[in-house]
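Welcome! Here is a short briefing on one protein model, written for someone meeting its strands and surface for the first time.

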Amino acid sequence: MCKQLRFCVFALALVLCPARLAHADLLAFNLTPATLTSAPGGTVEFTGTLNNPGTTDVFLNGDVNSLPYTKLTVDDSPFFIFSPLFLMPGQTYTGPFFDVTVDAAAVPGSYSGSFTIQGGADANAFDSVASENFTVTVSKVNAPVPEPVGVV
């Protein structure tokens with residue numbers, strides 16, 4: 001009876017707590033700097049560092065970005081062009097992650113967003129493995145100072 005109870009508890013634990021054989025560690029992610037300034041009509045590039053402090057390879061398979069303002073657009077192609085396909089334990093990637101383009105009609109102010117890297121233990125995993133918040137400050141456009149009318 002005791003063996004059956006022990007087996008049932010073990011089987012239940014396996015069902016409720018699946019094996020973590022395909023687990024990938026979380027990555028350390030920093031944007032440097034995390035706040036950039038642009039005039040309306042400009043583009044800023046967010047760069048930073050992504051480090052794998054864990055003991056397993058972590059594949060970098062995708063991203064999700066959130067910047068819920070219609071006058072600001074995120075372009076994540078730098079992440080796909082420059083980052084490696086995966087990070088081995090202790091490996092670091094430093095470089096561009098994404099660009100934000102500010103529409104010419106954007107109102108001056110600070111706009112916050114987030115950039116989340118997806119991946120995991122293999123090329124088919126899309127778990128959130130790192131996330132960082134960022135801010136784009138849209139500056140005021142200074143009106144051009146008119147040239148003085150010449151006095152001869």
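What follows looks at a sheet, its edges and a patch on the surface. Please keep in mind that this is a predicted model. Its open sheet is built from 5 strands, in the order β2-β9-β8-β4-β6, with mixed pairing. β2 (35–38) and β6 stand at the edges with a single partner strand each, so one side of each has no neighbour in the sheet.

**How strands join**
- Strands of a sheet pair through backbone hydrogen bonds, and they may run parallel or antiparallel.

**The β2 edge**
- β2 runs parallel to strand β9 (residues 127–138), and 4 bridges join the two.
- Within this pair, serine 38 stands opposite valine 138 in β9.
- The two faces of β2 differ in cover: Leu36 and Ser38 make up the covered face, while Thr35 and Thr37 make up the uncovered one.

**The β6 edge**
- At the other edge, β6 is joined by 2 bridges to strand β4 (residues 58–66), and these two strands run antiparallel.
- Here phenylalanine 86 in β6 has phenylalanine 59 opposite.

**A nonpolar patch on the surface**
- Phe86 turns up again here: together with Leu85 and Met88, Phe86 makes a nonpolar surface patch of about 310 Å².
- Leucine 85 sits in the loop between α2 (77–82) and β6 (86–87).
- Why does leucine 85 count as exposed? Its relative accessibility is 67%, and exposed means over 50%.

Note on methods
Residues numbered from 1 in each chain as written. Predicted model: local features only at pLDDT ≥ 70, side-chain atom pairs only at ≥ 80, totals over all residues. Heavy atoms only, no water. Patch = residues over 30% accessible without salt bridge, like charges linked within 9 Å, V, L, I, M, F, W, Y side chains within 5 Å. Areas by Shrake-Rupley, 256 points an atom, 1.4 Å probe, with all protein chains shown as cover. Salt bridge = Lys/Arg side-chain N within 4 Å of Asp/Glu carboxyl O. Buried < 20%, exposed > 50% of the residue type's maximum accessible area, 1.4 Å probe, protein only. Pairing = 2+ DSSP bridges.
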